[in-house]
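Trainee: Please take a close look at the aromatic pairs in this model and describe them one by one.

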Amino acid sequence: MAKTVFQRNQKVWVESVGAWATIEKIVPIWAKGFDEPVRVTYDVGLGREFLAHELKPEDRMDPQEGGVLSNWRVLRARNKWQQESDCLHHPFPGTYPVVVTDPNDWGGWRTPGAEYDRDPRKIEFQARLIAAAPRLHALSREIMTLVGDHPEDAPPALLALAQKAAAIERELNETPAASGSVDG
């Protein structure tokens, strides 16, 4: 089964043309007897539809730079609990966001359908925020390194930001203590 890799209005590099374009339309190819599309193509307004392997996202991080965190991204999953016509108020009717954290599109974050339907814009924001977390983390570490190397030259506001970033970094690396024992 094919999964969508890009979102509508996402900027992509079209390798075969050598130009930037924007996804105008996601075109699923359905086959009788299948619950999901067998192939997905993307219309970018260049006269023909392209497959995902022919396109490259604008913000894809180099795996050598980002390590295991470079694969975090937002994909679209087909909304199986509602027809597209029933959810036209959603930002992307007929789909919901899924954040994957593995190069094979495994692992990550998903949301229950009822929660998405209650506030789709909030869930869309959460998905983008989670997918951006590794880049925000890297930025935070760069600020801490910059200030740590020359604390006497750092403006007080930047020094305060680095201290806040260091506190968050400690929280990230801290293993939570086990809660109290359960009496049975």
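Mentor: The aromatic pairs come first, and the pocket follows. The model is predicted, and it holds two aromatic pairs. A pair of aromatic rings is described by the distance of the centres and the angle of the planes.

In one pair, the ring centres of Phe-6 and Tyr-42 lie 5.3 Å apart with the planes at 80°, so this pair is edge-to-face. Phe-6 sits in the segment before β1 (11-14), while Tyr-42 belongs to strand β4 (residues 39-43), so the pair ties together parts that are 36 residues apart in sequence. Phe-6 has a relative accessible area of 2% and is buried, because buried means under 20%. Tyr-42, at 0% relative accessibility, also counts as buried.

The other pair is formed by Trp-13 and Trp-20. Their rings are 5.3 Å apart centre to centre, with 70° between the planes, and this pair is edge-to-face. Here Trp-13 counts as partly exposed at 24% relative accessibility, and Trp-20 is partly exposed with a relative accessible area of 44%.

As for the pocket, the largest one holds about 840 Å³ of space. It is lined by 28 residues, and Thr-4, Ala-77, Arg-78, Gly-94 and Thr-95 are the closest to its centre. By class, the lining has 13 nonpolar, six polar and nine charged residues. Strands β3, β7 (73-78) and β8 (95-100) each supply at least two residues of that lining. Domain 1 (10-65) and domain 2 (69-171) each contribute at least three residues to the lining.

Key
Residues numbered from 1 in each chain as written. Predicted model: local features only at pLDDT ≥ 70, side-chain atom pairs only at ≥ 80, totals over all residues. Heavy atoms only, no water. 1 Å grid on protein atoms, 1.4 Å probe; cavity = no way out; pocket = protein on both sides within 12 Å on 5 of 7 lines; lining within 4 Å. Points joined across faces, edges and corners; volume = space filled by probe spheres on them. Helix = DSSP H or I, 4+ residues; strand = E, 2+ residues; numbered from the N terminus. Nonpolar A, V, L, I, M, F, W, Y, C, P; charged D, E, K, R; others polar. Domains from an automatic or database assignment. Phe/Tyr/Trp six-rings, centres within 6.5 Å; stacked < 30°, edge-to-face > 60°. Buried < 20%, exposed > 50% of the residue type's maximum accessible area, 1.4 Å probe, protein only.
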